[in-house]
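Biologist: Can you walk me through this model? I'd like to take it piece by piece.

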Amino acid sequence: MSAAQSDLSALLKRTFGYSTFRPLQREIIDATLAGRDVFALLPTGGGKSLCFQLPALVRPGLTVVVSPLIALMKDQVDALQASGVAATFLNSTLDADESRSRLRGLHRGEFKLLYAAPERLMLEGWAENLKAWDVACLAIDEAHCVSEWGHDFRPEYRQLAKLRTTLPGIPLMALTATATGRVRADIINHLKLREPEIFVASFNRPNLTYRVIPKDQPLKQIVEFVKKREHESGIVYCASRAATERTAEGLVSRGFAARAYHAGLDGDTRTANQESFLRDDTRIICATIAFGMGINKPNVRWIIHHDLPKNIEGYYQETGRAGRDGLPGDCLLLFSAGDVAKQSHFLEEITDPHEQQVARAQLRQIVHYAENSACRRAELLEYFGEKFPLANCGACDNCAEPRDTYDGTIVAQKFLSCVYRIAQNSRFGVGMNHVIEVLTGADTDKIRRWGHERLTTYGIGKELSRPAWAAVGRELMRLGYVAVAEGEYATLELSEAGREVLRARAPITLTKPMDLPKAKRVSTRREGDIACDEILFERLRGLRKKLADERHVPAYIVFGDATLRAMARSYPESIGQMEGISGVGEKKRAEFGAIFAAEIGDYLRTSSRVAFE
């Protein structure tokens, strides 16, 4: 190890309390310190922030961090200051006197990191400020906001390219947790990155488990789920504001600490609900997708999707808010055919044909994910162009409890024949709903107008319900026998493989629809679990909350759950014994070490020590 590498490792340990870098962190840091532009794609929980925070402590000058949300700025600055780092932010929450004080500090060179929103950096006079402050690096967090192909496009992010003119010689770093190849190219292009070093980490989150179950009395299902996790924090994502409030009220009436969060609430209420969640006063937030991107809360242990997400990218981002500390997280999606129909109806209101086509394709992908019987982890990774190397991840419902299959030859032949007969008779394709209406013998205006009641396949599928036929049709699409035609309308057509199985009357195996969960479920493997003395862990959590409340900061600013679990495993009774525990840097050890050591010592005097292998 070179002297420079040794210095970085020592700084990592001394400041942040970590003994090793996470994957790609070291390479990204080396590239930016060498003056290169960098594009870094690290999954949520992959340690993006450290990639610009640690270099900021090494290089002379100021590192400016572009951050999209006020809450995110404050959380990150609080955490940095708790670790002894000179960091600040400037945003609309500060009064005039505080803003002036921080600006004076920036002019005097007192800070190593400044967090600001893109709009502020574009204000008149700020180009002169940035030139005067000896800016050494510009880090753009949540960089997918630059791209209109990203899931959270923010037009003001497009203006950031102007900073290349203002600060022509400094390296620029773009960081995101989720981006397809198209979005990556868009980010690099719009930010005018110069021959950037590109780092793309694995999208796999091995500590997360994924489950999909049929939606049936969703509030009851959510209550049963959280009952087993009463002391853990989680987020329930809902499609509408009304659903967030209804779900939160239902949970509160059953004794759970829950609050709603959506864009329709006034700013003070939103802030209060968010702060309550960050400080562990509220365990459950029921939210629309307006909540979460800027939430730096590492100990979210579970995510429930009350409704079907609009696309896989958003789903991946939302589930990624669980287990950011590396400890296990559970992700549950409640799925119903009704949600698919509801979203399809909303898509009809999109007036731009291209936008509607993209939205329909995204909806098909998330429905495919929900209904598919293959490994859910492999499905998610494949969407981002990554291949999962194992046949069984052991941590999703489809791998832990494979669904039964059945001989679907007859129903498949009926569906494929119906698609074929309609196209042969009419010389045009139709959508899924019309195929099902023909199969079930519906009496509609379109069927009469097009003469489809005279088809030989009319009414031959009355033995199945419409939702059951829709599930069959979607599985035949997944198997590659039915394709969705390119163009403005999502019409169905037989693929070459579909024509072949229809001609040959080849046997087709289909997967049985999802059942409601059984009383006993096979336990799934939980990566990242740290066995520890759970009674001591709860005591340390109580102490942490008390200290955090006294300082008016979220609990994780003191120590994260992973650090507390490590303490509850090794029982350090002195500051010296805190050395080597992950997450305990020098400043935190000096400030909190004796307090936690005393609590552990008191516990050991009054309790029986538990041994861990």
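Modeller: What follows is a short tour of a predicted model.

Biologist: Let's start with the open sheet. How many strands form it, and in what order?

Modeller: Six strands form it. The order is β8-β13-β12-β9-β11-β10, and the pairing is parallel.

Biologist: Which strands stand at the edges?

Modeller: Those are β8, residues 208-214, and β10, residues 258-261. Each has a single partner strand, so one side of each lacks a neighbour in the sheet.

Biologist: And how far are neighbouring strands turned against each other?

Modeller: By 15° on average, ignoring direction.

Biologist: Zoom in on β12 and β13. How many bridges do they pair over?

Modeller: Four bridges, in the parallel sense. β12 covers residues 300-305, and β13 covers 329-335. As one example of who faces whom, Ile 304 is opposite Leu 332 in β13.

Biologist: Next, helix α12. What span should it have, and what do its end C-alpha atoms give?

Modeller: α12 runs over residues 267-278, which makes twelve residues. At 1.5 Å a residue, the expected span is 16 Å. The end C-alpha atoms are 16 Å apart, so the two agree.

Biologist: Which of its residues are buried?

Modeller: Asn 273, Gln 274, Ser 276, Phe 277 and Leu 278.

Biologist: What covers them?

Modeller: The cover includes helix α4, residues 70-82, and the strands β9, β10, β11 and β12. So some of it comes from strands of the open sheet we began with.

Biologist: What happens at the start of α12?

Modeller: A side-chain oxygen of Asp 266 comes to within 3.1 Å of the backbone nitrogen of Asp 268.

Biologist: And what follows the helix?

Modeller: Asp 280 follows α12, and its phi is positive, near 65°.

Biologist: You mentioned α4. Which residues are buried there?

Modeller: Leu 72, Met 73, Asp 75, Gln 76, Val 77, Asp 78, Leu 80 and Ala 82 are buried in α4. Its 13 residues should span 18 Å, and its end C-alpha atoms are 18 Å apart, which agrees. After α4 comes Gly 84, with a positive phi near 85°.

Biologist: Where else is phi positive, in a residue other than glycine?

Modeller: Asp 134 is one of them, with phi near 55°. Asp 134 sits in the loop between α7 and β5. Its relative accessibility is 49%, so Asp 134 counts as partly exposed. Gln 217 is another, also with phi near 55°. Gln 217 is in the loop between β8 and α10.

Biologist: New topic: β3. Which way do its side chains point?

Modeller: Ala 87 and Phe 89 point one way, Thr 88 and Leu 90 the other. All are buried. In a regular strand, side chains alternate between the two faces of the sheet.

Biologist: What does β3 pair with?

Modeller: β3 pairs with β4, residues 113-116, in the parallel sense over four bridges. The bridge partner of Ala 87 in β4 is Leu 113.

Biologist: Last one, cysteines. How many disulfides are there?

Modeller: Zero.

Biologist: Why is Cys 399 not bonded to Cys 396?

Modeller: The closest cysteine sulfur to that of Cys 399 is in Cys 396, at 3.7 Å, and that is too far for a bond. The cut-off for a disulfide is within 2.5 Å.

Biologist: Is Cys 399 buried or exposed?

Modeller: Cys 399 is buried, because its relative accessible area is 10%. Cys 532 is buried too, at 6%. The cut-off for buried is under 20%.

How values were computed. Residues numbered from 1 in each chain as written. Predicted model: local features only at pLDDT ≥ 70, side-chain atom pairs only at ≥ 80, totals over all residues. Heavy atoms only, no water. Pairing = 2+ DSSP bridges. Helix = DSSP H or I, 4+ residues; strand = E, 2+ residues; numbered from the N terminus. Axes fitted to C-alpha atoms, helices over the stretch in contact; angles between N-to-C directions. Buried < 20%, exposed > 50% of the residue type's maximum accessible area, 1.4 Å probe, protein only. Expected span 1.5 Å × (residues − 1). Contact = heavy atoms within 4.5 Å. Polar contact = N/O pair within 3.5 Å; in protein donor to acceptor, adjacent residues only side chain to side chain.
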